[in-house]
Amino acid sequence: MTVRPTWAVAGAALLLAAGSAWLLLREAPREPPSPSAREDFVGSGACASCHAEVFERWRGSDHASAMAEATEATVLGDFRDAAFSQDGVESRFFRREGKFLVRTDGPDEAPGEFEVRHTFGVDPLQQYLVGFPDGRVQALGIAWDIRARRWFHLYPDRNPRAGDPMHWTGIDQNWNYQCADCHSTNLRKNYDPRVDRFATTWSEISVGCEACHGPGARHLQWAEEETGGRASAIPGKGLLAPLEGRTSFTFASAVPSGNAVPSGPRASDREIGICARCHARRSQFSGEHVAGEPLHDAFRLSLLEPGLYHPDGQVREEVYEVGSFLQSKMYAQGVACSHCHDPHTGKLQVEGNGACASCHAPATYDAPDHHHHAPGSAGASCAACHMPTATYMVVDPRRDHSMRIPRPDRTVSLGVRNACNDCHADRSAQWAVDAVGRWYPGPKPGFQSFAEAFHAGERGAPGAREALVRVAEDGALPPFVRASAVARLAPFLSPSTLPAIRRSLGDPDSNVRMAGVGALAEADPATRLTLLPPLLVDPSRVVRMDAARALAGEPERSLVGADRDRFSRALEEWEAAQRFNADRPEAHSNLGSLHAARGRLEEAAAEYRKALSIDPTYFPAAVNLADLHRMTGNDAEAERTLRDALARSPDAASLHHSLGLALQRQGRKEEAIVALGEAASRTPEVARFAYVHAVALHDFGEPVAARNVLERALELHPYDRDILLALALYERAAGERSKAVGRARLLRDLDPENREFAALAQELGSGGR
């Protein structure tokens with residue numbers, strides 16, 4: 001039963017005739033610093049003689065204490081034979097012969113003694129690092145609460161045991177991959193997959209001057225030449241990453257509205273990009289990156305994705321600050337990080353409401369007529385209403401940097417949080433709506449105008465595709481928001497959304513182009529072949545390599561000449577990105593999927609097996625490996641693979657689902673229904689699992705049970721096309737025509753371009769069967 005018909009582009013000329021200037025992109029010259037420049041790190045101490053004042057400010061910062069050798073001065077936790085117990089695991093922190101030691105459960109569950117070699121972080125918590133003989137460094141799951149002066153567990157609700165990736169000896173608590181790049185300067189992971197060892201190095205153990213300004217040797221040479229009485233020929237004072245932040249332009253005094261206006265546009269986003277390396281949710285795919293180079297040559301930023309952010313852009317998971325800031329009106333107006341934060345102390349330029357007063361007149365905004373709270377109270381704080389906190393790592397509250405107007409009405413309509421009820425938790429959202437309405441009778445929508453479109457897109461609601469297209473093409477919105485809208489168009493790929501996606505490929509912002517490539521990754525081969533080859537020479541590495549990966553397989557066979565050469569180079573960049581993360585199962589699974597797409601099944605199987613050898617609980621690799629066995633007609637081996645994986649990850653719904661399909665193909669109907677039902681019950685938020693379970697029930701002669709499963713699933717997924725279509729067809733067969741007509745009409749409204757839906761609605765509406 002096909003719900004979404006495949007479609008193809010009928011003629012490149014139609015698509016490329018309008019707005020095709022982006023096709024003129026040429027292979028832009030890329031001149032990264034020479035290898036020697038990458039090694040020319042001199043340490044923060046070399047900066048002190050000329051920059052004594054800022055050096056002293058930095059020395060007292062959290063950056064300067066981001067990581068340190070464990071000493072009397074740096075260790076803040078209680079190692080005086082302190083005991084801590086969590087879920088039956090007894091841990092003890094103590095000293096012996098000048099060393100800091102912990103006795104706790106080890107990688108084999110047995111208690112053992114481990115030496116703490118380094119501290120990690122300083123406020124509001126401090127973690128502790130333990131080294132292993134193979135070069136791995138692991139972060140203990142027990143940390144020290146600086147303010148409450150107590151030991152606590154970072155994962156109190158999970159109770160990770162040895163073998164769990166989240167256990168302190170597990171792969172997801174590995175410092176070399178997870179943490180190191182942001183806590184030291186000039187970090188080189190240096191993982192050797194041939195021997196499965198790390199030889200990680202740094203030039204400075206903490207976040208020093210060169211982490212943000214780039215290697216300093218040429219700047220020192222420039223200074224020596226200048227102070228030696230001769231003009232230096234070294235350009236730009238020898239700085240690889242000159243930071244213009246708050247000096248590139250100023251904000252004029254507050255105008256009658258009470259808001260300052262910028263003297264000109266922000267010179268560049270270089271400063272924000274340098275901060276984003278560590279203050280954004282991102283993944284890393286290259287170690288060859290220093291401050292000042294384009295961020296997308298080594299990192300992929302997470303967009304405003306479901307699960308990470310609420311539909312209105314408020315933080316949900318641990319996403320840090322930059323993704324929020326890039327959607328804000330402050331960013332759109334030209335504000336950079338250093339307008340509010342002292343980059344050397346890491347603290348605010350001015351504490352409290354004073355941080356906002358430099359641009360927003362206190363007489364207008366720091367006044368009861370604006371905030372409607374008692375002066376000096378918590379509610380009168382600008383940040384309390386416009387930058388509410390979310391707490392991570394148990395004790396670390398972090399402010400949402402989207403700097404938004406509180407919208408309790410969206411709590412009512414969209415189910416998102418709001419700052420009012422964060423404080424007034426004993427009141428309802430409607431109470432907050434009424435209060436705001438009394439204070440501000442006129443509309444105060446705020447800058448984040450995309451919330452309703454994103455919410456509709458997440459639900460697949462009527463009008464979602466049109467709403468997302470409007471956001472994607474709204475030039476008044478920040479590029480980060482438009483990129484997020486383009487990415488959310490992927491499930492709605494159709495002739496009506498394709499023009500917006502096509503135009504995104506020529507956007508000046510690399511996040512938007514990256515999202516456009518991603519939105520086309522599952523398009524039919526002809527569409528990919530038509531639209532993506534020009535992106536193989538994109539100035540941004542993440543765009544080039546994503547375009548190559550999207551073209552790999554069937555489309556690449558039609559590439560010729562220069563396009564073929566460019567594809568090969570860009571795909572090599574993609575493969576190199578996976579090899580950089582060869583210590584991770586995801587990288588090997590990605591390589592396996594590439595090989596499978598290119599028909600290299602044995603190589604694909606080898607990569608999936610490698611992923612499982614690195615982390616036996618990484619069940620996506622098992623699902624993919626089982627699918628390879630299906631492709632070769634070996635369902636018995638697929639079943640064995642899935643059962644082995646289930647023994648290690650019994651809660652993984654995807655494994656139950658794949659097992660059910662494998663059993664179904666073998667004709668073992670009763671077992672298949674049990675496995676498919678297990679998947680649907682374990683993860684009801686995945687509509688597909690319920691749909692497949694219901695189809696299996698129906699095909700095995702249980703139509704009433706099938707409809708019951710679908711109706712329950714529809715309560716969670718009221719606009720899921722597969723569920724609605726199955727119900728319409730099953731209800732028609734059961735003689736429940738009025739119900740079937742309603743489903744069919746909703747399907748037609750949800751997807752007017754779908755001829756199957758239109759035909760079904762017409763057929764049922766006219767009384768046909």
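C182 and C278 form a disulfide in this predicted model, with their sulfur atoms 2.4 Å apart. The count of disulfides comes to one, and the pair joins distant parts of the chain, 96 residues apart. Beyond this link, the briefing covers two further cysteines and the nonpolar cores.

**The disulfide**
- C182 lies in helix 5 (residues 180–183), whereas C278 belongs to helix 8 (residues 270–279).
- The link of C182 and C278 is left-handed, with -100° about the S-S bond.
- Both ends are partly exposed, C182 at 23% relative accessibility and C278 with a relative accessible area of 25%.

**Cysteines without a bond to their closest partner**
- The cysteine sulfur closest to that of C340 is in C356, but at 7.1 Å it is too far for a bond, because a disulfide needs sulfur atoms within 2.5 Å; C340 is itself partly exposed, with a relative accessible area of 26%.
- For C420 the closest cysteine sulfur is in C385, and the distance of 6.4 Å is likewise too far for a bond; C420 counts as buried, at 17% relative accessibility.

**Nonpolar cores**
- The largest nonpolar core has 74 residues, and those with the most contacts inside it are I272, F454, V471, L520 and F567.
- Helix 25 (residues 541–551) gives the most to this core, contributing seven residues.
- Leaving aside neighbours within four places in sequence, F454 is in contact with L304, P311, L468, V471, V481, S484, A485 and R488.
- A second core, separate from the one described above, has 35 residues, among them A687, A713, Y730 and F757.

How values were computed:
Residues are numbered from 1 along each chain as its sequence is written. This is a predicted model: local features need pLDDT of at least 70, side-chain atom pairs count only at pLDDT 80 or more; totals for chains, interfaces and linings use all residues. Side-chain values use heavy atoms; hydrogens and water are left out. A nonpolar core is a set of buried Ala, Val, Leu, Ile, Met, Phe, Trp, Tyr and Cys residues joined through side-chain atoms within 4.5 Å. Buried means under 20% relative accessible area, exposed over 50%, partly exposed in between (1.4 Å probe, protein chains only). Helices (H or I, at least four residues) and strands (E, at least two) are DSSP runs, numbered from the N terminus. Contact means heavy atoms within 4.5 Å.
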